[in-house]
Each structure stands twice: as C-alpha cells, then as structure tokens.
Amino acid sequence: MDAEEILGLVADMETDRVERKQSIGNGDRVCEAICAFANDLPNHRAPGLVAIGVEDDGRPTGLAIDDDLLLRLGAFRDNGKIYPFPSITVDRLIMDGTAIVVVVVEPSLSPPVQFRGRTMIRVGPRRAIATPEEEARLSERRRQAAVPFDARSLASPSLADLNLDRFTTELVPQLVAPEVLAENQRSVEHQLASLRFTDPSGVPTPTGLLLSGRDPLAWLPGAFVQFLRLDGTTLDAPVLSVHRLTSPLPDLIRELEEVLRAHVETAVAFVGPEREERCASVPFEALQQIVRNAVMHRTYEATNAPVRVTWFDDRVEVQSPGGPYGLVDASNFGQPGITDYRNPTLAGVLAQLGFVQRFGVGLQAAQARLSQNGNPPLEFQPTTTFVNVIARLLP
C-alpha cells in the first residue's frame with residue numbers, strides 16, 4: 001500500500017480495516033487491534049490499519065511523533081504478548097499538514113493470532129473476542145497456508161501422544177485469558193487447535209509435542225539437551241558429570257537450569273580490610289539466557305542432534321543445531337536489534353509461560369551480565385548447520 005491509499009482509508013470512516021486512536025495509551029488496545037487485523041476474519045486478504053494520533057472523526061490530533069513512539073510501536077511485533085508474531089510496518093505520514101503514525105498489519109498466514117490468550121477479531125468498526133465458531137474458521141485457514149515447522153502437523157502422532165491432563169491443568173491456565181476460560185465453551189480439542197498444539201484436524205504439531213508430549217523424542221529425536229562437565233579444556237579430558245535431559249520443554253528448561261546452578265562456582269574477593277564479596281566464575285543469569293535462546297531458536301526439523309552444553313575448566317560452550325535463520329546470518333549474529341524466529345509459535349508459548357521476558361535481547365542481556373561480573377564478552381561461532389556460543393570463565 002502506498003501513502004496515498006493509506007491516508008485515504010484513514011480519513012474515511014472506521015471500518016473492519018481501519019481503527020483510529022488518539023494516542024498509544026498503555027499499548028494493550030493497540031496490540032488488540034493488531035491482533036484483530038492479523039486474523040482478518042472478514043477475509044479481505046488486505047492489510048488493516050491502526051492509525052495513531054487521529055481523532056474519531058478522522059482529524060489528526062497533533063500528537064508528538066518521536067523515535068521513542070515509533071520504536072515502541074515496532075516492538076509490539078515480538079513483545080511476547082501477540083503470537084504467532086504478526087507482520088507489521090510502522091509508517092510516519094503527514095495528514096493535513098500534521099504527522100500521524102500508521103501501523104500496517106498484514107493478514108496472518110497462520111491464524112488465529114492471539115493477544116494474551118485472546119483471539120481478537122474485527123466485527124465491523126469494532127474489536128471483539130472471537131467465539132469458538134469464529135476461532136474454528138480461523139484455524140481452518142491454516143490448512144492451505146504456508147506455516148512454520150513448529151505449527152505444522154506431523155505424519156504419525158495422535159492426541160494419545162499428548163498429555164492432556166498437563167495441557168488442561170498446567171498450560172491452559174497460563175496461556176488463555178481467565179474470562180475466556182470462564183465461558184467454558186471450548187473443548188480440549190478446540191483449545192489444542194487454537195494454541196497450535198494440534199493442526200485444525202487434531203493432529204499434534206511439534207509445538208504440542210515439545211510442550212505437552214508424553215514422549216517428545218519419539219517424534220522429534222533431537223529434542224533433548226546433553227550436558228557434559230569436563231576436567232580440562234579439551235573434549236578428551238576426563239568426564240566429571242553427564243546429564244541427558246529429555247522432558248517436555250518447560251520441565252527440561254527448569255532441570256537444565258538446576259544443573260547449571262549446581263556447577264556455578266563462586267570465588268571470594270576482599271575489598272578493604274572488612275568487606276568480602278563473592279564472585280561467580282560465570283554468572284548463572286548469563287548462562288540462563290544462552291541456554292533458553294538455544295532451546296527456543298534451534299532447529300527441530302530433520303535432525304537427531306541435541307543442544308549440547310559443555311563445561312570446560314576455562315569456558316562453557318552451548319551448541320545449538322541449525323545455523324542462523326532468516327534476517328540473521330553469520331555476519332550479524334549476536335548484534336543488538338537483529339533477530340528472526342525459526343520457531344515463532346514455540347517462542348510465543350514459551351514467552352507466555354514466563355521463559356522469555358523480552359524477545360530479541362537474550363544474548364545482549366547475557367553480555368551485560370557477563371560484563372558486570374568481569375567476564376570477557378561472549379564469543380559466537382555461527383555456521384550453516386549449528387551455532388556455538390562460548391562464555392569464558394573467570395580464573
């Protein structure tokens with residue numbers, strides 16, 4: 001869409017393709033509008049527009065448009081509240097001599113898109129929460145769409161391969177808004193499809209198997225973590241500890257972090273005659289970010305390779321199957337602000353479960369924590385088939 005077409009739609013009356021807002025507010029209403037346009041329930045197959053700094057009658061408000069506002073709007077794409085991630089652009093345009101901002105939202109190829117567990121849609125000029133029947137219509141569209149591997153159905157598993165008790169009692173309350181649960185109109189099968197744990201016909205997806213599968217490795221044989229502690233600096237050094245972690249991902253991440261905590265060593269430093277400080281050889285928080293990043297962004301498709309965490313005397317190496325993906329390549333890997341998502345559905349669910357605080361900053365957070373502790377910066381070794389991240393230990 002060019003600027004003239006966008007401004008023409010914004011100036012016209014609000015429809016199921018346009019929503020006007022005087023300001024960004026706390027952002028939740030904007031996120032709901034983005035979610036609704038991404039779902040495109042009327043099936044326009046055309047972008048929806050969220051116009052910021054525009055009165056209900058179509059006149060610009062004169063809202064101050066600065067870089068902070070544009071960055072904040074752009075961050076709604078992958079802030080963890082909307083999943084799968086919507087495709088949006090943020091444009092600063094001039095309307096009647098006054099600046100406004102328009103968020104252009106492309107229809108999703110993998111609906112339903114949800115905001116904090118709610119499937120938002122447009123009903124004429126207003127937003128609404130989708131009914132079970134409307135969610136089913138959106139889910140049905142995924143059959144013919146190109147969807148990422150983590151949301152595709154696999155050939156052989158069935159509902160019997162999912163732990164439905166775990167799904168309903170542990171996962172659903174964290175993934176679905178309380179008022180939606182209170183309606184009590186959605187069957188377990190409907191909830192599974194809506195959250196992409198199954199495809200619309202009820203066949204489990206990799207996301208479903210990884211998060212609530214009875215035996216994820218039966219269908220995704222590389223979906224485990226191998227931890228190795230060595231007494232030396234080379235792979236042929238004596239082995240001190242071995243762990244093979246094979247649980248569904250929420251449990252696997254927690255188990256791995258307990259293993260890491262047990263191996264983080266502290267050193268005592270004296271500053272002045274009375275003050276004593278303890279300094280970890282490597283801060284746990286940095287390792288936590290690295291391993292969560294590895295589990296979330298690795299490839300689970302057509303590989304038997306696990307995530308490998310190898311603890312040497314002088315460093316910790318975390319090797320993740322699958323090279324850089326999408327916008328990320330070997331030349332820009334680890335640079336702030338450059339990110340892409342091989343497993344967007346899985347990433348969205350892990351964020352709602354609390355394993356991701358903010359997308360796109362995990363490695364930067366690890367770098368900052370290492371710097372605070374006095375460790376050298378992370379070292380990155382991206383290849384076409386795997387990524388190796390190295391955290392150096394303090395002596």
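# A viewer tour, sheet by sheet

Start with the open sheet of four strands, ordered β3-β6-β7-β8, where the pairing is antiparallel. Strands here are DSSP E runs of at least two residues, helices are H or I runs of at least four, and both are numbered from the N terminus. Two strands count as paired if DSSP finds at least two bridges between them. At the edges stand β3 (82-83) and β8 (126-129), each with a single partner strand, so one side of each is left without a neighbour in the sheet.

Before you click on: this is a predicted model, in which local features need pLDDT of at least 70 and side-chain atom pairs count only at pLDDT 80 or more, while totals for chains, interfaces and linings use all residues. Residues are numbered from 1 along each chain as its sequence is written, and side-chain values use heavy atoms, with hydrogens and water left out.

**Stop 1: inside the first sheet**

Select β6 (residues 114-115) and β7 (residues 118-123): they run antiparallel and are joined by two bridges. Show Phe 115 and you'll find its bridge partner in β7, Arg 118. Now add α2, which packs on this sheet and touches β3, β6, β7 and β8, its direction making about 75° with that of β7. Contact means heavy atoms within 4.5 Å. For the angles, axes are lines fitted to C-alpha atoms, for helices over the stretch in contact, and the values run from 0 to 180 degrees between N-to-C directions. Helix α4 (residues 132-141) packs on the sheet too, touching β6, β7 and β8, and its direction makes about 95° with that of β7.

**Stop 2: β2 and its partners**

Next, pick strand β2 (residues 48-52). Are its residues buried or exposed? Five of the five are buried, so β2 is largely enclosed by the rest of the structure. Buried means under 20% relative accessible area, exposed means over 50%, and partly exposed is in between (1.4 Å probe, protein chains only). In a regular strand the side chains alternate between the two faces of the sheet. Both faces of β2 are covered, with Gly 48, Val 50 and Ile 52 on one side and Leu 49 and Ala 51 on the other.

Bring in strand β1 (residues 18-21), which runs parallel to β2 and is joined to it by four bridges. Glu 19 has Val 50 as its bridge partner in β2. Trace the chain from β1 through helix α2 (residues 28-39) to β2 and you follow a right-handed β-α-β crossover. Right-handed here means that, with the strands pointing away from the viewer, the path from the first strand over the helix to the second runs clockwise. Strand β5 (residues 98-105) pairs with β2 as well, in the antiparallel sense over five bridges; look for Ile 52 opposite its bridge partner Val 101.

**Stop 3: the six-stranded sheet**

Now select the open sheet of six strands, in the order β10-β9-β13-β14-β16-β15, with mixed pairing. Its edge strands are β10 (239-245) and β15 (379-382), each pairing on one side only. From one strand to the next, the twist averages 10°. β9 (residues 225-230) and β10 run antiparallel over six bridges, and Gln 226 has Arg 244 as its bridge partner in β10. Helix α10 packs on this sheet, touching β9, β13 (307-311), β14 (315-321) and β16 (386-392), and its direction makes about 15° with that of β14.

**Stop 4: helix α10 and the core**

Stay on α10 (residues 284-297). The expected span of a helix is 1.5 Å times one less than its number of residues, so the 14 residues of α10 should span 20 Å, and the end C-alpha atoms are indeed 20 Å apart. The helix is mostly covered, with eleven of its 14 residues buried; Phe 284, Leu 287 and Val 291 are among them.

Which residues touch the most other members of the largest nonpolar core? They are Phe 197, Leu 211, Leu 260, Val 309 and Trp 311, in a core of 68 residues. α10 gives the most to this core, with eight residues. A nonpolar core is a set of buried Ala, Val, Leu, Ile, Met, Phe, Trp, Tyr and Cys residues joined through side-chain atoms within 4.5 Å. Apart from this core lies another, of 24 residues, including Cys 35 and Leu 69.

**Last stop: Ser 281 and Asn 373**

Finish at Ser 281, in the loop between β12 (275-280) and α10. Ser 281 is buried, at a relative accessible area of 10%, and its contacts include Glu 265, Asn 373 and Arg 392. Asn 373, in helix α12 (residues 362-373), is buried at 13%.

Terms used. Lists of a residue's contacts leave out its neighbours within four places in sequence.
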